[in-house]
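Work through the exercises below with the sequence and the coordinates at hand. Each task is followed by a solution in steps.

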Amino acid sequence: MASAKIVIDGKTYEVPIIEGTEGERAIDISKLRAESKVITYDNGFGNTGSCQSAVTFLNGEKGILHYRGYPIEQLAEKSTFVECSYLLNYGELPKKSELRKFDKAIRSSGKIPKGIKDIIDSFPKKAHPMAVCSSSMVALSGFYPELNDVLELDDKKKMSIITQLMGQILTMSTRFYRNSQGKAPRNPKEDLDYCSNFLYMMGMKPDPELAKALDTLLILHADHEQNCSASTARVIGSAHANVFASISGGIDALWGPLHGGANQAVLEMLEQIQKDGGDSKKALQRAKNKEDSFRLMGFGHRVYKNFDPRAKIIKKACDTVLSKLGVKDPLLDIARALEEEALKDPYFVERKLYPNVDFYSGIIYRALGIPTNMFTVMFAIGRLPGWLSQWKEMLEFKGTKIVRPRQIYVGENHRDYLDIKKR
Ligand code: SDX
């Protein structure tokens, strides 16, 4: 086993180097603190592996993304979201009979308890759909107590949780959307495929071509290794909290505009540029100004320092979907101009800032008639099988421990309590 030597205060500590199947290497410091009393420090964990995982591989420098070894480009072209969800959770592409059983289980799992309907209906119409998505997800734990003890979940129960939540998230999110439009909710139809059912329950025509475009988007969003929301789901799950709490936590993390909330923020940014007369230069200036908190939303990434492969596929899909719909969206032209400007601008080039998955996805959602504040819910629907696969892997991994990072304390040293009369 390869190793590294770390010298601290003149003393040498030998630590093992572990290597992954794609050649990635890590210094395993699990024993370093016990031997040296020294911890490592990595703000935001951008250089720290939190786990070993076989679900998704990405190479940020080369812009590579694989689900269980299969390139995202091939899956986006040849697979379906339900098939990818099976692949992520079970590690292999399903046989016909396995896929049929998995798909059927999802289609028959769309019903939600009356109590959940009441919770969703109790939200004000103006509530953000992500608040409803997260609340209704964790509320499910109250209606399925038999699924709360993670140590009691056998493979059959885990499979049923995956198909149940994939079915129910559609019904819960579309129910709130219909409420917010003052329209009656629509119950799921078992004769419709996953995305056609979503479109139907949103009150749209379940056009097969639109459903296919949506299916591709969901494939692209399905997993992304240890991103903020997947890590959150793992952290909550590591405490043996129930799966509903883990997924609800993932939804909450995804909501952030620096993460999945960026797809909504991109549209709002493009609309602002349009209001400002379509001049993208002003947005670029603001994004480069350190005094300004404005960021070029949909650009940059913690890991990709090259084109996000998903952004490339979505950008291409924009043309096909918009022309199929006969939609001419000026925001697409603004997005393209912004990308062109940024990719020529030294600020972005030097920092290796490229369009990420969120830059173009909103253009397609908008063309499909999905409202901006539902964009991040679309991301959550896509990411659900990924969160579940990461949660399941964490639970089944023999070495999993409760997540509890250390810190470097920079506060006051010891001092005695001062009576209020003396302060
Ligand atoms: C997702 O992690 C995942 O895998 C996430 C995701 C997934 O599938 O789960 O891919 C989904 O969340 C995609 C990212 C969506 N977020 C956005 O589009 C928001 C805009 N992007 C930025 O906020 C930013 O790029 C982050 C949050 C994504 C990454 O932030 P980092 O890690 O701080 O970026 P960095 O270290 O690479 O920044 C390097 C420099 C810094 O400037 P300097 O201090 O070197 O001068 O680039 C600057 C940053 O300030 N920078 C930007 C910028 N992104 C980084 N400047 C302007 N606009 C931006 N978008």
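**Exercise 1. Pairing of β4, β5 and β6**

Task: State how many bridges join β4 to β5 and in which sense the two strands run, then place β6 in the sheet.

Solution. This is a predicted model.

Step 1. β4 and β5 are joined by four bridges and run antiparallel. One bridge partner pair is T56 with Y67 in β5.

Step 2. The connection between β4 and β5 is a hairpin with four residues between the strands. In its turn, G63 has a positive phi of about 65°.

Step 3. Strand β5 covers residues 64-67 and is joined to β6 by two bridges, again antiparallel. Here Y67 stands opposite Y70 in β6, and H66 stands opposite P71.

Step 4. The hairpin of β5 and β6 has two residues between the strands. R68 takes a positive phi near 50° in this hairpin.

Step 5. The three strands make an open sheet in the order β4-β5-β6, with antiparallel pairing. β4 (56-59) and β6 (70-71) each have a single partner strand and stand at the edges, so one side of each is left without a neighbour in the sheet.

**Exercise 2. The hairpin of β1 and β2**

Task: Describe the pairing of β1 with β2, and say which residue of their hairpin takes a positive phi.

Solution.

Step 1. β1 spans residues 3-8 and β2 spans residues 11-19. They pair over six bridges in the antiparallel sense.

Step 2. K5 stands opposite E14 in β2.

Step 3. Two residues lie between the strands in this hairpin, and D9 takes a positive phi near 50°.

**Exercise 3. Domains and the second largest pocket**

Task: Which domains give residues to the lining of the second largest pocket? Start from the domain assignment.

Solution.

Step 1. The domain assignment gives domain 1 as 3-59, domain 2 as 69-257 + 390-396 and domain 3 as 262-368. Taken over C-alpha atoms, the centres of domain 1 and domain 3 are separated by 36 Å.

Step 2. The second largest pocket holds about 400 Å³ of space. It is lined by 18 residues, of which A76, T216, I313, A317 and T320 are the closest to its centre.

Step 3. At least two lining residues of this pocket come from each of α2 (72-78), α9 (208-221) and α14 (309-325).

Step 4. Domain 2 and domain 3 both contribute to the lining, so the second largest pocket lies between them.

Step 5. By class, the lining of this pocket has ten nonpolar, six charged and two polar residues.

**Exercise 4. Two cavities**

Task: Give the volume and the lining of the largest cavity, then do this for the second largest cavity.

Solution.

Step 1. A search of the whole structure with a lower limit of 30 Å³ finds two cavities.

Step 2. The volume of the largest cavity is about 60 Å³. Its lining consists of I106, R107, G110, G167, L170, T171, P188, L192, D193, Y194, N197 and M201.

Step 3. α4 (96-107), α7 (155-180) and α8 (194-202) each supply at least two residues of that lining. Its residues divide into six nonpolar, four polar and two charged.

Step 4. The second largest cavity has about 40 Å³ of space. I112, K117, T171, T174, R175, P185, R186 and N187 line it.

Step 5. α7 gives the most to the lining of the second largest cavity, with three residues. The classes there are two nonpolar, three polar and three charged.

Step 6. Comparing the two lists, T171 appears in the lining of the largest cavity and in that of the second largest cavity.

**Exercise 5. Around the ligand**

Task: Which residues come nearest to the ligand, and how far is a polar side-chain atom of Y347 from a nitrogen atom of the ligand?

Solution.

Step 1. There are 25 residues around the ligand, and H224, H301, R302, K305 and R310 come nearest.

Step 2. An N or O atom in the side chain of H224 lies 2.6 Å from an oxygen atom of the ligand.

Step 3. For Y347, the distance from a polar side-chain atom to a nitrogen atom of the ligand is 2.9 Å.

Step 4. The side chain of N356 has an N or O atom 2.9 Å from an oxygen atom of the ligand.

Technical notes. Residues are numbered from 1 along each chain as its sequence is written. This is a predicted model: local features need pLDDT of at least 70, side-chain atom pairs count only at pLDDT 80 or more; totals for chains, interfaces and linings use all residues. Side-chain values use heavy atoms; hydrogens and water are left out. On a 1 Å grid over the protein atoms alone, a cavity is a set of points where a 1.4 Å probe fits but cannot get out, and a pocket is an open set with protein on both sides within 12 Å along at least five of seven lines; lining residues have an atom within 4 Å of a point. Grid points are joined across faces, edges and corners, and a volume is the space filled by probe spheres set on the points. Ala, Val, Leu, Ile, Met, Phe, Trp, Tyr, Cys and Pro count as nonpolar, Asp, Glu, Lys and Arg as charged, and the others, Gly among them, as polar. Domain bounds come from an automatic or database domain assignment. Two strands pair if DSSP finds at least two bridges between them. A residue is near a molecule or strand if one of its heavy atoms lies within 4 Å of it. A polar contact is a pair of N or O atoms within 3.5 Å; within protein, one must be able to donate a hydrogen and the other to accept it, and residues adjacent in sequence count only if both atoms are side-chain atoms.
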